Amino acid sequence: MGKTTGFLEFDRKVESYAPVEERIKNYREFTLPMEEKDVKDQGARCMDCGIPFCHSGCPLGNLIPDFNDAVYRGKWEKASEILHSTNNFPEFTGRLCPAPCEEACVLGINEDPVTIENIEKNIVETAFKKGWIAAKPPLERTGKKVAVVGSDSAGLAAAQQLNRAGHEVTVFERDEKPGGLLRYGIQILKWKSM
Ligand code: SF4
C-alpha cells in the first residue's frame, strides 16, 4: 500500500487554477501543475483497502490502489504501465472524467477521498515527458480488416486494441476531423455546466 499512515498525515490537495483574468485570454490548460512531492503524498493517502471500492467505481476497472502505491514510491514508469493496462487514454480521463472512483473511495466516508483523477493525470503527463508513451505495433498481422465507425474515445480505444491484436483497422468519421465529442462536444458541455 501507500504510506501506512499517509491518510492521517496528508490532507487532500488538488491543482489550483490560474487567475481568471489570465485564463480567459487563451484556450490553454488553466490548472497549475503540482510539485512531484505533493502528488506522491496524495498517492500515500491511499489505504489499499481490502475491498477497493474505487476500483469497482471506475467504469474502466482501473487498478487504482496499485498505481497510487507506485506513485507514492516514485515508480512512475510502473505506475504508467499499471494505468495503461486498463485505460487507453488517461490523458483524457485524467482531465475530463467525473471521477466516480473518488465518489466510491472508502477514505471519503469520513475524510476527503484520494485525488485519484489528478494522480492519473500526473502519471500520464510524466510518461509523456519521459518518452514512455510509444506506439505498440503488433508482432504479427492477422490479415483481418476491421472498420470502426466513429472516432470518439470509445472508437479510438477499440481501434487501438484491435490494432494491437494484429488487425488492420480503419476508423471512419462523419465530421471533418477525428475526435467526436473529444473535439466537438466536451468543451461545449463543460462551458454549459460552468
Ligand atoms: S477506495 Fe480510496 S483509499 Fe481505498 S484503495 Fe481505493 S483509492 Fe485507496
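Is Lys121 buried or exposed? Keep that in mind while you get your bearings.

**Before you click**

What you have open is a predicted model, where local features need pLDDT of at least 70 and side-chain atom pairs count only at pLDDT 80 or more, while totals for chains, interfaces and linings use all residues. Residues are numbered from 1 along each chain as its sequence is written, and side-chain values use heavy atoms, with hydrogens and water left out.

**Stop 1: the whole protein**

Zoom out. The C-alpha trace spans about 55 × 45 × 30 Å along its principal axes. Switch to a cartoon view and look for 12 helices and four strands (DSSP runs numbered from the N terminus: helices are H or I with at least four residues, strands are E with at least two). Of the 194 residues, 35% count as buried (under 20% relative accessible area with a 1.4 Å probe, protein chains only; over 50% is exposed, and in between is partly exposed).

Now colour by pLDDT, the predictor's confidence in each residue from 0 to 100. The mean is 92, and 95% of the residues reach 70 or more. Select 188-194, though, and the pLDDT is below 50; beyond near neighbours in sequence, this stretch has three contacts in the model (a contact means heavy atoms within 4.5 Å). Where pLDDT is low, don't read the predicted coordinates in detail.

**Stop 2: Lys121**

Select helix H9, residues 116-130, and find Lys121 in it. Back to the opening puzzle: Lys121 is buried, because its relative accessible area is 8%. Show what surrounds Lys121: leaving out residues up to four places away in sequence, it touches Glu15, Glu29, Thr31, Gly94 and Arg95.

**Stop 3: helix H3**

Next, select residues 36-44, which make up helix H3; the buried residues there include Asp38, Val39 and Asp41. What do the buried residues of H3 pack against? Highlight helix H1 (6-9), helix H5 (64-72), helix H6 (76-84) and H9, and you have the answer.

**Stop 4: a pair of rings**

The whole structure holds two aromatic pairs (rings of Phe, Tyr and Trp, using the six-membered ring of Trp, with centres within 6.5 Å; planes under 30 degrees apart are stacked, over 60 edge-to-face, and the rest tilted). Show Tyr17 and Phe30 as sticks: their ring centres are 4.9 Å apart and their planes sit at 85°, so this pair is edge-to-face. Tyr17 belongs to strand E1 (residues 16-17), while Phe30 is 13 residues away, in the loop between helix H2 (20-23) and strand E2 (31-32).

Stay on Phe30, which is partly exposed at 31% relative accessibility. Add Arg23, which lies over the face of Phe30, 4.9 Å from the ring centre (the rule is NZ of Lys or CZ of Arg within 6 Å of the ring centre and within 35 degrees of the ring normal).

**Stop 5: where two domains meet**

Colour domain 1 (6-130) and domain 2 (145-193) separately; the bounds come from an automatic or database domain assignment. Their C-alpha centres lie 24 Å apart. Together the domains bury about 600 Å², 69% of it on carbon and sulfur atoms (the accessible area, with a 1.4 Å probe, that two parts lose on being put together, summed over both). Pick out Asn88, Phe89 and Leu96: they supply 72% of the area that domain 1 buries against domain 2.

Finish at Ile186, in helix H12 (residues 186-193). Ile186 counts as buried, at 18% relative accessibility. Leaving aside neighbours within four places in sequence, Ile186 is in contact with Leu96 and Leu181. Ile186 and Leu96 are 90 residues apart in sequence, yet 8.2 Å apart in space, C-alpha to C-alpha.
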